[in-house]
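Student: I would like to go through this structure one question at a time. Please show it before we start.

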Amino acid sequence: MNKEKKIIVKNYVALLFIQGANFILPLIILPYLVRVLGSEKYGLVMIAQSVALFLTIVVDFGFNISATKEVASIKDDQEKLSQFYWNIVFIKFVLIIVTFNILLGMTYFIDKFKLDPLVYLFSFGLVIGQAIFPTWFFQGIQKMQVITIVTVGAKLFFTLSLFFVVFGPEDYVYVPIFNGLGFIISGLFGFIFSLQYVKFISPKLMQVKEIIKSSSSLFYSNLAVSFYTSSNTIILGFFAGDSIAGIYSSMEKLILAIKSMYAPLYQAIFPNLSSKPPKQVRIFIDKIRIPIGIFGVVISTIIFFGSKTILTFAFNDPIITSYSIVFQFLGLISIFSSLNMLYVTLYFPSINQYKTRMKILISGGFFNLIIALILVQFFAIYGVAFSAVTTELFILILSMYYYYKKINKKVAY
């Protein structure tokens, strides 16, 4: 157990740094970009980034869970590991082509995207970088720490480079270019480093089809997640304008940075927990649920009482600070999300209940989409914030319902 704990801690620290590169690093440049670009151009950049994040979900296809679990189970068999590795790489390569064509179609047929097609196309660098970085592979073999320094270093370099290339609203297109380069270089380092653990084996079409079939429920689940994580900024952009979308996205970035503290913990635990019997998984979930909930309450309380101070410190923008009540309300996500992630990211995948996870997340995704589309027309940013928070609560309630339903079934049996 001591050895297992050490591996989990090492992988958690590594994943925390990588998540930091994805979510915390942008916060370093965020105040500067908001001030230099203005809320309108910054909002445009964030809308394009939200579209890219949506496409990233498509390319990932649920492999962050299914592939991680499979790699963890076959990591000692190089032949099987190599075959599986190249099957996944092949699928991701095809999906990159598919999603890029989807993006091209959006910039050609949708009027809003026609106005600034380059900012959307350059944002696709994020999709490419995330796709070629084999996080699922390193999680599975539990060696995340070995490539952390290189990947974080690449993203840090290109993030800080924005200070030297963005001087006014007209330079907004450099933001997706340099962000994309950071992800692509990081992804290439990760991909090249992973090759030392596998040998090349041509992808097998029948196995590829089976992998796609087995991961489809996870794909639908993760796609539904994007309905309440990436769509809100896009919805605000269409109905309330780029400026309001930029203001909302600024506060949402802070909340995502908080959520990014939980994700690495669950990702580090997952490979080890997925090999345990369901009873041990439940015992572990029950053990950490209260500390996770308490931590979420503390963070939410800090945001509630310190919202204006936090926003002023982070952005030094009176317009953003004037919406501090929105930030106070979004702070509740730190409670609801930390707990619902415990079930949908850790518990249900660990016991192979992918379809249950899919039901929960698809329900949550459509719940947010419907509520946000209705409320944005009457309450703009306040309506979307209400939708985001209530969706996280809705998912938590559904998760706990299915969790206790499953336990009661086993007890009855």
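**Helices, core and loops**

Tutor: Ile-47 is found in helix H1. Keep in mind that this is a predicted model. We can begin with that residue.

Student: Is Ile-47 buried or exposed?

Tutor: A residue counts as buried when its relative accessible area is under 20%. The relative accessible area of Ile-47 is 0%, so Ile-47 is buried.

Student: Which residues does Ile-47 touch, not counting residues up to four places away in sequence?

Tutor: Ile-47 belongs to H1, but its contacts reach other parts of the chain, including Gly-237 of helix H11. With residues up to four places away in sequence left out, the list is Lys-112, Tyr-120, Thr-233, Ile-234, Gly-237, Asp-242 and Ala-245.

Student: How many of the nine residues of helix H11 are buried, and which are they?

Tutor: H11 covers residues 231–239 and is largely enclosed by the rest of the structure, because seven of its nine residues are buried. Those residues are Ser-231, Asn-232, Thr-233, Ile-234, Ile-235, Leu-236 and Gly-237.

Student: Which residue with a positive phi follows H11?

Tutor: Phi of this residue is near 100°. The residue is Gly-241.

Student: How many residues are in the largest nonpolar core, and which helix gives the most to it?

Tutor: The largest nonpolar core has 119 residues, and those with the most contacts inside it are Leu-33, Tyr-120, Phe-137, Met-251, Leu-330 and Ile-381. With 18 residues, the helix that gives the most to this core is H1.

Student: What does Met-251 touch, not counting residues up to four places away in sequence?

Tutor: Met-251 is among the core residues with the most contacts. Outside its own stretch of sequence, Met-251 touches Leu-311, Ile-320, Tyr-323, Val-326, Phe-327, Leu-330 and Ile-381.

Student: Are helices H6 and H9 roughly parallel or roughly perpendicular to each other?

Tutor: H6 (residues 124–132) and H9 (residues 174–194) pack with their axes 7 Å apart, at an angle of about 15°. Angles under 35 degrees count as roughly parallel. H6 and H9 are therefore roughly parallel.

Student: Which residues make the contact of H6 with H9, and how do they divide by class?

Tutor: H6 supplies Gly-125, Leu-126, Ile-128, Gly-129, Gln-130 and Ile-132, while H9 supplies Gly-180, Phe-183, Ile-184, Gly-187, Leu-188 and Phe-191. By class they are seven nonpolar, five polar and no charged.

Student: How are H3 and H10 placed relative to each other?

Tutor: H3 (residues 78–109) and H10 (residues 205–229) have axes 10 Å apart and pack at an angle of about 70°. Angles of 65 to 115 degrees count as roughly perpendicular. H3 and H10 are therefore roughly perpendicular.

Student: Which residues of H3 and H10 make the contact, and which classes do they fall into?

Tutor: On the H3 side are Gln-83, Phe-84, Asn-87, Ile-88, Phe-90 and Ile-91, and on the H10 side are Gln-207, Val-208, Ile-211 and Ile-212. The classes are seven nonpolar, three polar and no charged.

Student: Where does Lys-204 lie, and what does it touch, not counting residues up to four places away in sequence?

Tutor: Lys-204 lies in the loop between H9 and H10. With a relative accessible area of 43%, Lys-204 is partly exposed. Leaving out residues up to four places away in sequence, Lys-204 touches Gln-83 and Asn-87.

Student: Is Thr-107 of H3 buried or exposed, and what are its contacts?

Tutor: Thr-107 lies in H3. Its relative accessible area is 11%, so Thr-107 is buried. Not counting residues up to four places away in sequence, its contacts are Phe-113, Lys-114, Pro-117, Tyr-120 and Leu-121.

Student: What is phi of Asn-352, and what is phi of Ala-380?

Tutor: Most residues other than glycine have a negative phi. Asn-352 lies in the loop between H16 and H17, whereas Ala-380 is found in H17. Both have a positive phi: for Asn-352 the value is near 65°, and for Ala-380 it is near 50°.

Technical notes. Residues numbered from 1 in each chain as written. Predicted model: local features only at pLDDT ≥ 70, side-chain atom pairs only at ≥ 80, totals over all residues. Heavy atoms only, no water. Axes fitted to C-alpha atoms, helices over the stretch in contact; angles between N-to-C directions. Helix = DSSP H or I, 4+ residues; strand = E, 2+ residues; numbered from the N terminus. Parallel < 35°, antiparallel > 145°, perpendicular 65-115°, else oblique. Contact = heavy atoms within 4.5 Å. Nonpolar A, V, L, I, M, F, W, Y, C, P; charged D, E, K, R; others polar. Buried < 20%, exposed > 50% of the residue type's maximum accessible area, 1.4 Å probe, protein only. Core = buried A, V, L, I, M, F, W, Y, C linked by side-chain atoms within 4.5 Å.
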